[in-house]
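Hi,

Here's the model we talked about, with my notes underneath. Have a look at it first, then read on.

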Amino acid sequence: MQQVGTIEEPRIIPRSGHTISRKHISEHALKVLYRLKKAGYQSYLVGGCVRDLLLGHEPKDFDVATDARPEEVRALFSNCRLIGRRFRLAHVFFGRNIIEVATFRGQSSDGEGERTAADDGRLLRDNVYGTLEEDAWRRDFTVNALYYNIDDFSLVDYTGGLDDLRAGVLRLIGDPDTRYREDPVRMLRAIRFAARLGFRMHPDTEAPIAQLAGLLEGISPSRLFDETLKLFMSGYAVPTWELLRQHGLFGVLYPQTESALAEEEAGFPRVMLARAMENTDLRIEQRKPVTPYFLYAALLWEPVRLRMQALMAADERLGEVMALQIAGGEVLSEQLRRVSIPKRFSLPMREIWTLQPRFAQRRGARPLRLLGHPRFRAAYDFLLLRAESGEADPELAEWWTRFQTLDADEQRALVQPAGKRGRRRRSRKRKAPASGGDGQA
Ligand code: ATP
Ligand code: MG
């Protein structure tokens, strides 16, 4: 394979030789491409959208590459904002749709702009502008470095991406060790694309990961949060999770979870997580909305549970709810050192945890109060998940499933009067049990 930076003639595939049709390109992306071209700039679609179009998938978003500078792009579009520090980009807005326009970037330090690397080889800033071919070589994977030229509708391939695409191979461009050190997040991207595209990693791309996994510790927790969303919320959480664990990356992101899993490989924490990930993937396939806090609640549950047990063993007076509060706080703050979780997700996640002991309180007014809790649905779905994986009592989960389907009188009949211990009366008018959800409705 060619070395980064050397210039070689690209392979150009004319319109008649490939399957990308303008019918499949968003009208907004076409508008941007044509406007740039009319103004005399080069303009190409690049990255995931070209890859996905060639594979017959619907692209998530459309990225444009051009030789126009960000300021020049802004001058062309009134609906445009410049963003980013590490990479300066132009965002062109069409209502809620954004087309990302990036200026070609170069590899060499003698280009214009700035390029800053840390001592360990990590790229801190990468605003060196360059040519189309330089832009191709600094991208991550060969299948992500294909360009669709709006000028003549041809495809441009500098790095052998088309052959790799046909062969189903994910190959990092250039020397893998160097490229992973420059940006360790590329390791996560390798796993994500391998899982999502069903591609196998080229051996040279795969081999260094186990050894370099620890470099992710140097990546900011907020960037890693963004990455984990893409890892687990894109419809391929199950294969992604398996690959992350196989390559020693999961443990860097979620050390507490990894050690809980490693302790009991076949136990319920693994079953529970696998189910939570399956549910998430299924919902995405069915185009139902998903929220990350449910999955995060599942990811950290076993560390929280173990911590809670340890706290209660150390202090007999500590109640379950209190122990859970403390354990949740401790596990979360430990986790935030690696991967951040914004408050809008961590608050509901902790609520799901602290509501769990309340499901055991089935007497008096408590069940109805719990039923009225704004987070009831998610907490109940979490209880189902726990029961299905053998960690919580299935009878308890069934009781709550039935309880919800009853009318007010029947509910009152089902709960025992507060304080009195008696035989629980079962309603004879039992309705069909509610279909189990998974907390992401
Ligand atoms: P997705 O379909 O998930 O959006 P994508 O390939 O478009 O996948 P993006 O994160 O949108 O991924 O990035 C767009 C393109 O930018 C990539 O295809 C790749 O060419 C380049 N790129 C993104 N991140 C990196 C990186 N860390 N190092 C090198 N190139 C990158
Ligand atoms: Mg993209």
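Helix 14 (268–285) gives the most to the lining of the second largest pocket, with 4 residues (helices are DSSP runs of H or I, at least four residues, numbered from the N terminus). Helix 7 also supplies at least two residues there. A pocket here is an open set of points on a 1 Å grid over the protein atoms alone, where a 1.4 Å probe fits, with protein on both sides within 12 Å along at least five of seven lines; lining residues have an atom within 4 Å of a point. Domain 1 (11–174) and domain 2 (246–414) both line this pocket, so it lies between them (bounds from an automatic or database domain assignment).

Bear in mind that this is a predicted model: local features need pLDDT of at least 70, side-chain atom pairs need 80 or more, and totals for chains, interfaces and linings use all residues. Residues are numbered from 1 along each chain as its sequence is written, chains are lettered from A and ligands numbered from 1 in written order, and side-chain values use heavy atoms, without hydrogens and water.

Now for ligand 1. Helix 7 (185–197) gives the most to its shell, with 5 residues. Of the 16 residues around the ligand, D183, R186, R189, R192 and R196 come nearest (near means a heavy atom within 4 Å). As for polar contacts (N or O pairs within 3.5 Å), the R196 side chain is 2.6 Å from a ligand oxygen, K60 is 3.0 Å from an oxygen, and D183 is 2.8 Å from a nitrogen.

Cheers

Definitions and conventions: A polar contact is a pair of N or O atoms within 3.5 Å; within protein, one must be able to donate a hydrogen and the other to accept it, and residues adjacent in sequence count only if both atoms are side-chain atoms.
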